[in-house]
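This report is meant for a reader who has not met this structure before. It goes from the whole chain to single residues.

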Amino acid sequence: MAVDRERVSALVRELLVAIGEDPDRPGLRLTPQRVSETYAEFFSGVGEDATAPLAHTISVASGPAPDTLPSGAVMLRDIRFRSVCEHHLLPFSGHAHIAYLPGEQVVGLGALPKVVDILASRPQVQERLGEQIADTISSSIDCRGVLVVLDATHQCVTMRSGRQSESSTVTIAARGALADPVARAELIALIGRSRE
């Protein structure tokens, strides 16, 4: 479902009036249109199928070493994401780290950020976002386990009341073999390792 830009624009104009502003003053005249365009981008994942980027898989058994199946994890670190908190409609952003234990099929690495982007482009809470990413991957590709770690800064924390400008929130979602804390310990360590 596409964002109704005209309706959002009208509501933003009404919001400006409600906070005591003049929506016709020069600095605000184009604000309703700008906000509607921003919301169309921020909420583009509403109604979109997050499994679609995972539809094409690659057989490792058909490659140059057909008798060799992956024994370890595939990990993609530092996937930038941004979302909007459904409680305050304020942005939160950070990094997603995704690992999975492939079976006979793997997925192109570019598909994983697309899944994150679709699911993050909805009104969200970080805790649910990580779970949705893990569920989408584990239900869509041949894998023995999935680990999703999100590390994000929330403007509802950094800009409101207590203003904890240095705080971030870390959530972990795990499926299959990686639901065991011992099994995922090595992967958690790799996520924390700084790049040189």
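## Overall layout

Read from the N terminus, the elements of the chain follow the order α-α-β-β-β-β-α-β-α-β-α-β-α. That makes 6 helices and 7 strands. The model is predicted.

Along the principal axes, the C-alpha atoms of the chain fill a box of roughly 70 × 35 × 30 Å. Of contacts between residues at least 6 apart in sequence, 68% join residues that are at least 24 apart.

## Surface and charge

The chain has 196 residues, and 35% of them are buried. Its accessible surface comes to about 11,100 Å², and carbon and sulfur atoms account for 54% of this. There are 19 positive and 24 negative charges in the chain, and the mean positions of the two sets are 5 Å apart.

A nonpolar patch on the surface is formed by V170, I172 and I188, which together have about 240 Å² of accessible area. I172 belongs to strand 7, residues 169-176. With a relative accessibility of 42%, I172 counts as partly exposed.

## A buried histidine

H154 is found in strand 6, which covers residues 143-154. Is H154 buried or exposed? Its relative accessible area is 10%, so H154 is buried. Leaving aside residues up to four places away in sequence, H154 touches P91, F92, Q126 and T169.

## Salt bridges

How many salt bridges does a search of the whole structure find? The search finds 6. One salt bridge joins the side chains of D24 and R13, at 3.1 Å from N to O. D24 sits in the loop between helix 1 (5-18) and helix 2 (31-42), while R13 is in helix 1, so the pair ties together parts 11 residues apart in sequence. D24 is partly exposed at 42% relative accessibility, and R13 is partly exposed with a relative accessible area of 36%.

Another salt bridge brings together the side chains of E131 and R175, at 2.5 Å from N to O. Because E131 lies in helix 4 (residues 126-140) and R175 in strand 7, this pair ties together parts 44 residues apart in sequence. R175 also meets the side chain of D135 in a salt bridge, at 2.6 Å from N to O. This pair links distant parts of the chain, with D135 in helix 4 and R175 in strand 7, 40 residues apart. Through shared partners, salt bridges join E131, D135 and R175 into one network.

Within this network, R175 is buried, with a relative accessible area of 19%. E131 counts as partly exposed at 30% relative accessibility, and D135 counts as partly exposed at 37%.

Note on methods: Residues numbered from 1 in each chain as written. Predicted model: local features only at pLDDT ≥ 70, side-chain atom pairs only at ≥ 80, totals over all residues. Heavy atoms only, no water. Patch = residues over 30% accessible without salt bridge, like charges linked within 9 Å, V, L, I, M, F, W, Y side chains within 5 Å. Areas by Shrake-Rupley, 256 points an atom, 1.4 Å probe, with all protein chains shown as cover. Salt bridge = Lys/Arg side-chain N within 4 Å of Asp/Glu carboxyl O. Helix = DSSP H or I, 4+ residues; strand = E, 2+ residues; numbered from the N terminus. Buried < 20%, exposed > 50% of the residue type's maximum accessible area, 1.4 Å probe, protein only. Contact = heavy atoms within 4.5 Å. Lys, Arg positive; Asp, Glu negative; His and termini not counted. Charge placed at Lys NZ, Arg CZ, Asp CG, Glu CD.
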